[in-house]
Amino acid sequence: MKAIHTRSQQRILTLLKTTKKGISAQEIYVELRSLNQNMGLATVYRSLETLKLEGLVQMRRLGNGEALYSLTKQDKHHLTCLQCGTSVTINQCPAHGLEEQLQEKHNFKIFYHTLEFFGLCQKCHSLEG
Ligand SMILES: [Zn+2]
Ligand SMILES: [Zn+2]
């Protein structure tokens with residue numbers, strides 16, 4: 001079953017396809033504006049919320065509380081520095097077998113998972129050193 005999307009949702013999906021890493025709702029708003037696809041910030045949030053519940057968009061929160069959105073297809077994981085907020089993408093994923101197991105065992109439809117490691121990046125812990 002394919003969900004029918006509003007024009008706003010489609011624009012956001014198209015934009016997210018072209019962005020390599022997660023971006024905030026504010027950045028989406030600015031980005032769409034620069035493409036002459038003006039959309040109110042409230043509409044951006046509303047559309048993101050709908051897409052999130054459909055499992056098409058995932059959200060992750062940085063240490064500073066900022067929410068970043070990306071397409072769920074990108075199974076990317078991160079090392080996040082608690083001090084400067086640097087976020088490094090890691091490409092390994094140990095969780096795929098587990099995801100299938102959980103799906104089956106709990107009859108739970110899993111759209112995506114997140115895996116994030118927190119600590120201090122090299123720059124920050126060498127300053128402390
Ligand atoms: Zn750092
Ligand atoms: Zn994964």
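With which residue does Lys52 form a salt bridge, and how far apart are the closest N and O atoms? In this predicted model, the partner of Lys52 is Glu49, and the closest N and O atoms of the pair are 3.3 Å apart. Both residues belong to helix α3, which covers residues 41-53. Lys52 and Glu49 are separated by 3 residues, about one turn of the helix. The salt bridges found in the model number 2; the other pair, Glu116 with Arg60, is described below with the domain interface.

The overall architecture may be considered next. The protein chain contains 5 helices and 5 strands. Along the sequence, these elements follow the order α-α-α-β-β-β-β-α-β-α. Taken along the principal axes, the C-alpha atoms fill a box of roughly 50 × 40 × 20 Å. The chain is assigned two parts, with domain 1 spanning residues 1-73 and domain 2 spanning residues 74-129. The centres of domain 1 and domain 2, taken over C-alpha atoms, lie 21 Å apart. To the contact between them, domain 1 contributes 14 residues and domain 2 contributes 9 residues.

The extent of this interface was then examined. The size of an interface is often expressed as the accessible area that is lost when the parts come together. Between domain 1 and domain 2, about 980 Å² is buried, and carbon and sulfur atoms account for 43% of this area. On the side of domain 1, three residues stand out: Gln58, Arg60 and Lys73 provide 43% of the area that domain 1 buries against domain 2, more than any other three residues.

Specific contacts also cross the interface. The salt bridge count between domain 1 and domain 2 is 1. In the salt bridge between Glu116 and Arg60, the closest N and O atoms are 2.8 Å apart. Arg60 is also one of the three residues named above for their share of the buried area. In addition, 2 residue pairs are in polar contact across the interface.

The elements that give two or more residues to the side of domain 1 touching domain 2 are β1 (57-61) and β2 (67-71). Of these, β1 supplies the largest share, with 5 residues. By residue class, this side of domain 1 consists of 4 nonpolar, 5 polar and 5 charged residues.

The two strands are also paired with each other. β1 and β2 run antiparallel and are joined by 5 bridges. One of the bridge partnerships links Arg61 to Ala67 in β2. The strands form a hairpin with 5 residues between them, and in this hairpin Gly65 adopts a positive phi near 90°. Thus the strands of this hairpin, β1 and β2, are also the elements that give two or more residues to the side of domain 1 that touches domain 2.

How values were computed
Residues are numbered from 1 along each chain as its sequence is written. Chains are lettered from A and ligands numbered from 1 in the order in which they are written. This is a predicted model: local features need pLDDT of at least 70, side-chain atom pairs count only at pLDDT 80 or more; totals for chains, interfaces and linings use all residues. Side-chain values use heavy atoms; hydrogens and water are left out. Domain bounds come from an automatic or database domain assignment. Contact means heavy atoms within 4.5 Å. Buried area is the accessible area (1.4 Å probe) that two parts lose on being put together, summed over both. A salt bridge is a side-chain nitrogen of Lys or Arg within 4 Å of a carboxyl oxygen of Asp or Glu. A polar contact is a pair of N or O atoms within 3.5 Å; within protein, one must be able to donate a hydrogen and the other to accept it, and residues adjacent in sequence count only if both atoms are side-chain atoms. Helices (H or I, at least four residues) and strands (E, at least two) are DSSP runs, numbered from the N terminus. Ala, Val, Leu, Ile, Met, Phe, Trp, Tyr, Cys and Pro count as nonpolar, Asp, Glu, Lys and Arg as charged, and the others, Gly among them, as polar. Two strands pair if DSSP finds at least two bridges between them.
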